[in-house]
Amino acid sequence: SSPFAHFQALLRSCVLSIPASPMMQPVPETMTADGKAVGARTPPHWLSLLCCPACAISGYETGDPTAGCCSGSALLALVLQLFTLIGGGLYALLCWRPEPGEIRGSGTQRTVQDKCMAGCFAGGVQTVAFWESGDMTCTPDGQCTWCEGDAMMACVMHFAPLVVSAPPLDCCYVMCCWQPEKLNFKRSTRNHGGGQPLVGAPVQVADEFVALRRVLRASSGQLDNKCEEGVVQARVVGTVGTNGE
């Protein structure tokens with residue numbers, strides 16, 4: 001096993017003996033109007049690259065904010081960040097580019113394999129925001145990823161204790177309380193990692209970062225409208241046949 005794995009075990013044993021996170025189940029896929037799978041890998045926002053470069057790169061390439069921190073570009077950013085403080089962020093911001101060819105695993109999914117590590121290194125709010133929206137701070141269209149879903153609760157758990165001079169609790173919230181809600185999971189046709197032919201999945205509106213809840217609701221509404229149209233047409237045909245015209 002790697003030194004990183006040993007460090008994970010040591011950290012987990014020190015933080016209230018928190019068990020390893022259970023494996024997350026895949027989130028139902030969505031597709032574009034032309035039948036292509038919608039990707040889940042959002043090109044990291046510049047603020048994420050600057051403040052948490054290794055986790056941002058890992059999140060894009062592996063779909064997990066910490067799983068890829070010890071390999072490739074994420075490792076280089078991590079080393080630079082540790083030894084120069086701002087070097088990793090500058091490297092990620094100025095030298096690294098999100099390349100779809102570097103995506104590993106299923107490009108239509110994101111995960112948090114180890115809540116303990118992600119909460120401690122990426123931050124509690126950032127971890128939830130990444131899983132739900134694809135980025136730890138902002139989506140490419142400028143939407144803050146801290147203001148919806150469980151990320152908002154994590155944000156409250158971070159800032160509310162500061163009012164009474166207590167330490168932030170968002171990390172504890174992620175490690176001990178947070179259960180990912182699939183309906184909060186967002187994708188966008190702007191994301192990378194998709195493009196595979198897909199049949200029978202809900203159709204997602206183009207160019208917007210939309211939660212699965214909204215996609216399913218819109219898809220259900222479209223089906224209801226089609227059913228209503230079919231019933232009306234059947235009634236019209238039946239009426240004509242009855243009158244013998």
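# Close-up views of a predicted model

**View 1. The lining of the largest cavity draws on helix 3.** Helix 3 (residues 53-62) contributes four residues to the lining of the largest cavity, the most that any element gives. The model shown here and in the following views is a predicted one. A search of the whole structure finds one cavity of 30 Å³ or more, and the largest cavity holds about 80 Å³ of space. Its lining is made up of 14 residues, and those lying nearest the centre of the cavity are Thr42, Ala56, Tyr60, Phe130 and Gly134. By class, the lining of the largest cavity comprises seven nonpolar, four polar and three charged residues.

**View 2. Helix 3 is largely enclosed by the rest of the structure.** This description follows because 10 of the 10 residues of helix 3 are buried, namely Pro53, Ala54, Cys55, Ala56, Ile57, Ser58, Gly59, Tyr60, Glu61 and Thr62. The buried residues of helix 3 pack against helix 2 (46-51), helix 4 (72-84), helix 5 (87-94), helix 6 and helix 7. After helix 3 comes Gly63, which has a positive phi, near 80°.

**View 3. Helix 3 and helix 4 meet with their axes within 8 Å of each other.** The two axes cross at roughly 170°, which means that helix 3 is roughly antiparallel to helix 4, a term that applies to angles over 145 degrees. On the side of helix 3, the residues that meet helix 4 are Pro53, Ala54, Ile57, Ser58 and Glu61, while helix 4 offers Ser73, Ala74, Ala77, Leu78 and Gln81. Sorted by class, the residues of this contact between helix 3 and helix 4 are six nonpolar, three polar and one charged.

**View 4. Ala92 in helix 5 is a buried residue.** The relative accessible area of Ala92 is 0%, so this residue falls under the 20% limit for buried residues. When neighbours within four places in sequence are left aside, Ala92 is in contact with Leu49, Pro53 and Ile57; of these, Pro53 and Ile57 are among the buried residues of helix 3. From C-alpha to C-alpha, Ala92 and Cys51 are 9.7 Å apart in space, although 41 residues separate them in sequence.

**View 5. Helix 7 and helix 8 lie with their axes within 8 Å of each other.** The axes of helix 7 and helix 8 cross at roughly 175°, and helix 7 is therefore roughly antiparallel to helix 8. From helix 7, the residues Gly124, Val125, Val128, Ala129 and Glu132 meet Gly149, Asp150, Ala151, Ala154, Cys155 and His158 of helix 8. The contact of helix 7 with helix 8 consists of six nonpolar, three polar and two charged residues.

**View 6. Gly123 sits in the loop between helix 6 and helix 7.** With a relative accessible area of 14%, Gly123 is buried. Not counting residues up to four places away in sequence, Gly123 touches Ala118 and Asp170, and Asp170 is itself one of the buried residues of helix 9. The C-alpha atoms of Gly123 and Ala154 are separated by 9.7 Å, with the two residues 31 apart along the chain; Ala154 is also among the helix 8 residues that meet helix 7.

**View 7. Helix 9 (residues 170-177) has buried residues that are covered by other helices.** The buried residues of helix 9 are Asp170, Cys171, Tyr173, Val174 and Met175. What covers these residues includes helix 6 (115-121), helix 7 (124-133) and helix 8 (149-159).

Technical notes
Residues numbered from 1 in each chain as written. Predicted model: local features only at pLDDT ≥ 70, side-chain atom pairs only at ≥ 80, totals over all residues. Heavy atoms only, no water. Buried < 20%, exposed > 50% of the residue type's maximum accessible area, 1.4 Å probe, protein only. Helix = DSSP H or I, 4+ residues; strand = E, 2+ residues; numbered from the N terminus. Contact = heavy atoms within 4.5 Å. 1 Å grid on protein atoms, 1.4 Å probe; cavity = no way out; pocket = protein on both sides within 12 Å on 5 of 7 lines; lining within 4 Å. Points joined across faces, edges and corners; volume = space filled by probe spheres on them. Nonpolar A, V, L, I, M, F, W, Y, C, P; charged D, E, K, R; others polar. Axes fitted to C-alpha atoms, helices over the stretch in contact; angles between N-to-C directions. Parallel < 35°, antiparallel > 145°, perpendicular 65-115°, else oblique.
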